[in-house]
Amino acid sequence: WKLKNSPRQISDLSRYERVGEPSWSPNGKLLAFAGFSNEYKLVIHDFDSGKERALSTHVTDMSFRGWLPDGKSVLLAGPPTGVRVFDTEAQHESPLSLMGSGPAVLSSDGKYLFYFRSDDARTKAADRPIHLIRRDLQTGDEKELYRFQGSQLALTLAASPDGRNLSFTYATAGKPRTSWI
């Protein structure tokens, strides 16, 4: 690997109090990140035109999870609608899961969403099951892949690039983190 050219600034990040981790579109022509300054925006820089769009997502807190394979939609998470697909062209969102879901990740082919969901928040935390769910984005069908008891907190979730494995970590109060594949 060699440096192709000198780094150049593509965005004035001083406009934002906070910015999220950037993600390249599947075709490598767009770079997107979450920016916060009064409200969360999905910021998309187009390398062909040099233009940047800051799209309102109408949420109070947002976590940008990356691009879908179509190259025009992204995965977002945060209140008030939980995990959702946001179409950057139509600027329309489609909810995928209920609030209360934790980390979420797409399969490498973009066909499935994997996420954690906890049962009724009125149940005592130690008794509340946490479910690892696979959601088919075409049909909306969901399948529980794994379940563990409530005082455990799901921390991370990652899908392998070949689509064959899913890993996650969780912690139980007073014990070290546990990793699973």
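**A four-stranded sheet, an aromatic pair and a pocket in a predicted model**

Strand 8 is covered on both faces, with Arg84 and Phe86 buried on one side and Val85 and Asp87 buried on the other. Here, buried means under 20% relative accessible area, exposed means over 50%, and partly exposed lies in between (1.4 Å probe, protein chains only). Strands are DSSP runs (E, at least two residues), numbered from the N terminus. The structure is a predicted model, in which local features need pLDDT of at least 70 and side-chain atom pairs count only at pLDDT 80 or more, while totals for chains, interfaces and linings use all residues. Residues are numbered from 1 along each chain as its sequence is written, and side-chain values use heavy atoms, with hydrogens and water left out.

Confidence is a good place to start. The predictor's confidence in each residue is given as pLDDT, from 0 to 100. For the protein chain the mean pLDDT is 79, and 78% of the residues reach 70 or more. Among the elements of the chain, strand 5 (residues 52–56) has the highest mean pLDDT, 90, whereas strand 16 (residues 178–180) has the lowest, 57. Where pLDDT is low, the predicted coordinates should not be read in detail.

Strand 8 belongs to an open sheet of 4 strands, in the order 6-7-8-9, with antiparallel pairing. Its edge strands are strand 6 and strand 9 (92–95), each of which pairs on one side only. On average, neighbouring strands of this sheet are turned by 30° against each other, direction ignored; the axes behind this angle are lines fitted to C-alpha atoms, and angles run from 0 to 180 degrees between N-to-C directions. Two strands count as paired if DSSP finds at least two bridges between them.

Next to strand 8 in the order of the sheet comes strand 7. Because 5 of the 5 residues of strand 7 (residues 73–77) are buried, this strand is largely enclosed by the rest of the structure. Ser73, Leu75 and Ala77 are buried on one side of strand 7, and Val74 and Leu76 are buried on the other. In a regular strand the side chains alternate between the two faces of the sheet.

The bridges of strand 7 can be followed in both directions. Towards strand 6 (residues 63–67) there are 4 bridges, and the two strands run antiparallel. Within this pair, Ser63 has Ala77 as its bridge partner, and Gly66 stands opposite Leu75. Strands 6 and 7 form a hairpin with 5 residues between the strands, where Gly71 takes a positive phi near 75°. Towards strand 8 (residues 84–87), strand 7 also has 4 bridges in an antiparallel arrangement. Here Ser73 is partnered by Asp87, and Leu76 stands opposite Arg84.

On its other side, strand 8 is joined to strand 9 by 4 bridges, again antiparallel, with Val85 and Ser94 as bridge partners. Strands 8 and 9 form a hairpin with 4 residues between them, and Gln91 lies in the turn. Most residues other than glycine have a negative phi, yet Gln91, which is not a glycine, has a positive phi of about 50°. With 44% relative accessibility, Gln91 counts as partly exposed.

Away from this sheet, a search of the whole structure finds 3 aromatic pairs. One of them joins Tyr146 and Phe168, which are tilted, at 5.6 Å centre to centre and 45° between the planes. Rings of Phe, Tyr and Trp (its six-membered ring) are paired if their centres lie within 6.5 Å, with planes under 30 degrees apart counted as stacked, over 60 as edge-to-face and the rest as tilted. The pair links distant parts of the chain, since Tyr146 is in strand 13 (residues 142–148) and Phe168, 22 residues away, is in strand 15 (residues 166–172). Tyr146 is partly exposed at 28% relative accessibility, whereas Phe168 is buried, with a relative accessible area of 5%.

In strand 14, Thr156 is partly exposed at 38% relative accessibility, while Leu157, also placed in strand 14, is buried at 13%. The C-alpha atoms of Thr156 and Ser167 are separated by 8.1 Å, with the two residues 11 apart along the chain. For Leu157 and Phe114, 43 residues apart in sequence, the C-alpha to C-alpha distance is 8.1 Å.
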